[in-house]
Structures are given as structure tokens and as C-alpha cells.
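This report looks at the nonpolar core, one of its helices and a single buried position.

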Amino acid sequence: MTDALVAPERRAGVGDVLLDVRDLRTYFHVMDGTVKAVDGVSFSVRRGGRLALVGESGCGKSVTALSIMRLIETPPGEFAGGQILFEGNDLLKMDNKRIRKVRGGEIAMIFQEPMTSLNPVMTVGDQIMEAVLIHQGVNKKGAQEIALSALQDVGVADPRRRLKQYPHELSGGMRQRIMIAMALSCNPKLIIADEPTTALDVTIQRQILELIKSIQERTGAALLLITHDLGVVAETVDDVAVMYAGRVVESGTVEEVLLNPRMPYTRGLLESIPSQGKRGQRLSAIKGTVPNPFRLPPGCKFGPRCPYAWDSCVEAEPELIQLGHDRTARCWLNDPRFAARRAAYDESFAREHP
Amino acid sequence: MDRSLPPEDPPDERAVTEDLEPGGPDYDVQLESLSQWQIAWKRFLRHRAALIGSVMFFGMVLIAIVGPFILQYDYYKIPVPDVHVNAGRPPSLAHLFGETGRLQWDVLTLVVNGVRYSLLIGVIASAMGAVIGTIVGGVAGYFGGWTDTILMRIVDALLALPLLFVILVFTKFLGSGNWISVTVIFGLFEWLGIARLVRAVMLSLREEDYVDAARAAGIRDRRIIFRHLIPNALSPIIVSTTLGVAGVIIGEAFISFLGFGVGFDTPTLGNILAGSLGFISQGNWWWAFFPGMAIVVIVLGINFMGDGLRDALDPRAKI
């Protein structure tokens, strides 16, 4: 195993750890009990790096993003444990004044719904300039210049006219460009994109992804992409963390995770992507549904849906097993004690994915 | 990987094409000319009752503003009564609305000056109510939790009081007779309904995505409430404030009629009516009729207008 612990070669421009989420626990206390939406999530994003959080609806990936921005309302929410270190400072311990400086200024967020993420009664220009005026220490004229160049950067034609327009005058793709312009206008160190393309047409999706990526590369900001689409992951990021039921269940570089998934859930996600090669075949799906957050199964949370599960999976939940440098999986298959099962799993994977 | 959108040279054509809707290139241009308020204005102009109401209300406003300057008589010059007709004179060419008993005021002069102060009291008190109500309701609705509970219980408690009697007591202690103090007292009680209304609207508005987006951009709560959310809640506030003017005018007329409101040195429609009380039985109908009609015209005008505004500002209504 020792040679596997050598750090994988990194893309140029990727530096030290910028955001380090450690054992984050975000709970919601509601009428029926406590929902542990995020329960011990750890991952890190390097300066200039690109990480995707992947998972089904309800797996806690959006709550993780909102926790980083401290946009969880407490109560009913509660940060029950863990740390979110941004440049070494714990975001969870910051007072309101400091966290406001981080929001928008150091970490910017792009939301899922461009149709509703812009205020309908404010002009596009006012909305972009608002954050610039707060974070950049410029006057109104300077803010307008920054807004104009941001709009140019995101490929908006005739930006001077757009500044005076209201959101309802723009198409969905155009609005998402505006949201991206808002995000990049303050030169953030980290951009969180929460399903930035889910609400868009397929043709626009690609443009927006390319745009986010090119801006990320040019500005050197780190990117935390939240998505349920593994196709998007493969094209956009370097590293990926797969989440299930409020936990990280597998993480590593995109190549490693997508080509050699060490957790059956990731494999299930991969196999449910339609592709050219599978034309005419029945599309495989992961059986069952996401577990009820009030009644999580004992042992491995994916156990009841897992085609490879056996007794051990019910008896105890596996730890996040270290498989290499920045490569982990939460599955008993990776425990040396179950090498025989691992071999069978590998064989079936090799058979199905030549 | 083919890069369909290099950032260095934004492909203008694509961005433009993306905007095109089936309507063709002109579509975008057309949209630009119709803001939210312009649409509302168009709807309002098509609303017949609203137009009639506006004519009634703004006609009275006009009379209140210019009337005192073009009238033949000055309210503040007490006429020398003609002892022979102590009971007042019916409408005539010289006095279109007749003359009062006792001091023989020109009723037209009374009504015009009364309209001026009644409107002033109504508009100022209602505007005060709108400002206080918007702030309290906005803060309560946005922050929720304890802030909301405390503020709304205060509102509930105040609403549980029989308002007119409280105002009667207040005016008695805090300088009855002075129209400004009466206005302030009405303003201090006018905000309750608006606070509830704004709170209710804020409760739904604060769940909007653009609130999260604004918070994620580091914008402080105060600015989110007053720059982002209140403008979105403006329609119900406008309607409620407009209707509030009518409420205050009637309320003021009521307490002045009872003699607890504005004193006779400042004419309001209420205290003019109060003055007529002893003379109606002598057949001086004009003394009560014309100020009464003025109240009816103003209040009806405001209510029609409020109805029209409600329809015009409702984004779901199609006319």
C-alpha cells in the first residue's frame, strides 16, 4: 500500500489546502425529531483546485455548501460538530461581521435556480454592484466598471444595456451568466456552485459549465461543484467526493473514482448513466430509495440497497478506509479481511466495464 | 475537450441569439419598455372604478390645495353675524353652500378648509403608519423567532384594545384640539394592520432564493430587508396605506364630532359636522350635508382607488 500513498500529480496552479471541512455535522431539529443532514463530512479543496460533491437528492450536499456559507438558519439547524477551516480560520466560529466579509468577498456562491436567484425588482446592475460596493471598497463609478467587465467576462453582449435591465427581461442562461458575473466580480478565492446547470437546457448547460471552468482557470479561484450528474463531474473537476445519507462514502481524483469505484454506491451511480454503448439495453438503476433520515438503517447506510452487502454491512458501519493519498472509500470490501469478496467485486466490475 | 466558449473573446452572436424568443428580434426591445410599474399603471388606467375614484380623490386634493386661495371668504376672519338671521341661510348665489347659524360662516369656506385639514391628517397619519408598520412587520417577518413573537404579541395586544376609545383618552391627555397631535396619535395606531400585513408578506418572501443569494454575497440583514424585500412587498403596502387614509379621515371625523378631536380653530370635516349638530333641528341641512358629502366623496374615492390599485398591482391578475 505504501507506494499508493504517494501524492498524485496535480494540475498546474493547484496549491495548498484552502478549505478544509473536518467532521462537519449539521443537524436539523424538527417536529418529528432530528435530521442529521450532514453527519461527519470531511473533505478539502486546494487553492485553485476543483472538487465535486456528488450524490442523490437529500444526501446532504447542498446542506454542506450552505453550512460553509453559514446560511443554515439556527434554529432549526444546528452545527453539532466539526470545523470548516478556510485559510486556517474556522468559519463556524466567526461572528456575523467577519462571516459577511467572507461571504461574497472570499467565497462566492452560484445557486441552482437562476430564475429565482435574482431579485425581480432590482436591476441586474444594482445587484452586481451591491456586492462589489460592500467588498471592494470602490465608489459607485468604480463598481459599475467592475460590473461591466464582469459581464463581459461571462460573455454577455451589450453589457451596458444589461446593467439597466430587470431579471424578467433575461433568459435563464443569461441569468445564470449574471449570477456567475456576480460571483466573480469580487475575486473570490473559492466559488461554490450548487447545481449550477440543473435548471438549464442541455445546450446551455454545457456553455455554462465551460464558462465556470474557464473563469476558474483564469482567476485561479478554487471550485467546489455540487452536482448529481457524474457526466458533469468528469468534464469539470479534478477531485470528487461522493456523498450518501449525510456522509462522504468515497473520494479521490476523478479518474480513480470514476474508473475504479471502490464503493458499490458510486458504481451504481456510474452504471445508471445512459451512454452510447448501452443503446438498446435496459438502463440499470440503484434499487430502492434514499433512506428515511429519521430511520437510518444500522451498519452501512447503503447496505439495504447494496447488491454486494453481507452480514458485516449490517453489523457495523465501515469507517472511511484510506486507500491511498487522498483516496478513500467507506465500504467493507476494502478491508483486507474481506479480500475474497473484493476479488469477486473487482471481477464483476472488470466484466461489465471492459 | 472542445471549448465552446473561450472567455477571452465573448461570442456576441451567441449571447444575442440565446435571448431570442419566438417573437423575433423585436421581442426584447418591446419588453424593455414595460417595467412592473408600467404594467400596473396600464392596468390601473383600464380600471373604470379606479379612474372615477382617482378623479374624486384628487379633485378633493386639488380643492384642498388651491381652494382656500381662490375663495371669497377667509376662514380665519370671523364674520360679523347678521342678528336677524341667527339660524343661518340656505344656499344662494352669494353663498353656494349656504351660511351657518350663529356666526354665519360661509359653509363652502368651511368645507374647503375642512377638506384641507382632514386630508392632511389622513395622509400624514397613514404615511406614518405605513413607515412604522413596514419597519416593524419587516423586521418581525424577516428575523422570525423571538423577534417575531415579541413584536407580534405587542401588535396583538394593541389590536385588542378598542381603538377609538384609546384614541379618545389619548387625545384628551396629549393635547386635544391641536391637529398635529391628533395626527400623530392616529399615526401611532395606524401601523398595526400594516405591520401584520408586511410580516405575512415577508414570511413568504424571505424563503425566496434571491434572499439566500444576497446573504451569500455578504449583504447585511438590514439592507436585505429594506432594499431587497420591502420593494417586493410594496404593492400590498400601497393598497393598505391608501385605504388607511380613508380610515383615518373617518376616525378623525368621528372623534372630532364627539368633541375630543381637533378644536374649532383648525377646521376639519369632523368638527364642522360637530358644529352643525345643534342646528339641524332648525332646518339647517346645508351645514351638515355639504361637509358630510365631502367625507363621502373622499372616502368613496379612496376606496375605489384602493380597489383599482389592488387589481392593478396584483401580478397574477390579467386584465
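The text below takes up the core, then the helix, then the position.

The model is predicted, so local features need pLDDT of at least 70 and side-chain atom pairs count only at pLDDT 80 or more, while totals for chains, interfaces and linings use all residues. Residues are numbered from 1 along each chain as its sequence is written, and chains are lettered from A and ligands numbered from 1 in the order in which they are written.

The largest nonpolar core (buried Ala, Val, Leu, Ile, Met, Phe, Trp, Tyr and Cys residues joined through C-beta atoms within 7 Å) has 175 residues, and among those touching the most other members are A:Ile180, A:Leu224 and B:Val111. The element that gives the most to this core, with 16 residues, is helix α5 of chain B, residues 107-143, helices being DSSP runs of H or I with at least four residues, numbered from the N terminus.

Of the 37 residues of α5(B), 29 are buried, a residue counting as buried if 20 or more other C-beta atoms lie within 10 Å of its own, with C-beta atoms placed from the backbone. After α5(B) comes B:Gly144, which has a positive phi near 65 degrees.

A:Leu151 lies in helix α4 of chain A, residues 140-153, and is buried because 26 other C-beta atoms are within 10 Å. The table gives contacts (C-beta atoms, placed from the backbone, within 7 Å), leaving out residues up to four places away in sequence.

| Residue | Contacts |
|---|---|
| B:Val111 | B:Phe97, B:Ile272, B:Phe290, B:Pro291, B:Ala294 |
| A:Leu151 | A:Val156, A:Pro159, A:Arg162, A:Ala181 |

Technical notes: A residue is buried if 20 or more other C-beta atoms lie within 10 Å of its own, exposed if 12 or fewer, and partly exposed in between; C-beta atoms are placed from the backbone. Helices (H or I, at least four residues) and strands (E, at least two) are DSSP runs, numbered from the N terminus. Two residues are in contact if their C-beta atoms, placed from the backbone, lie within 7 Å.
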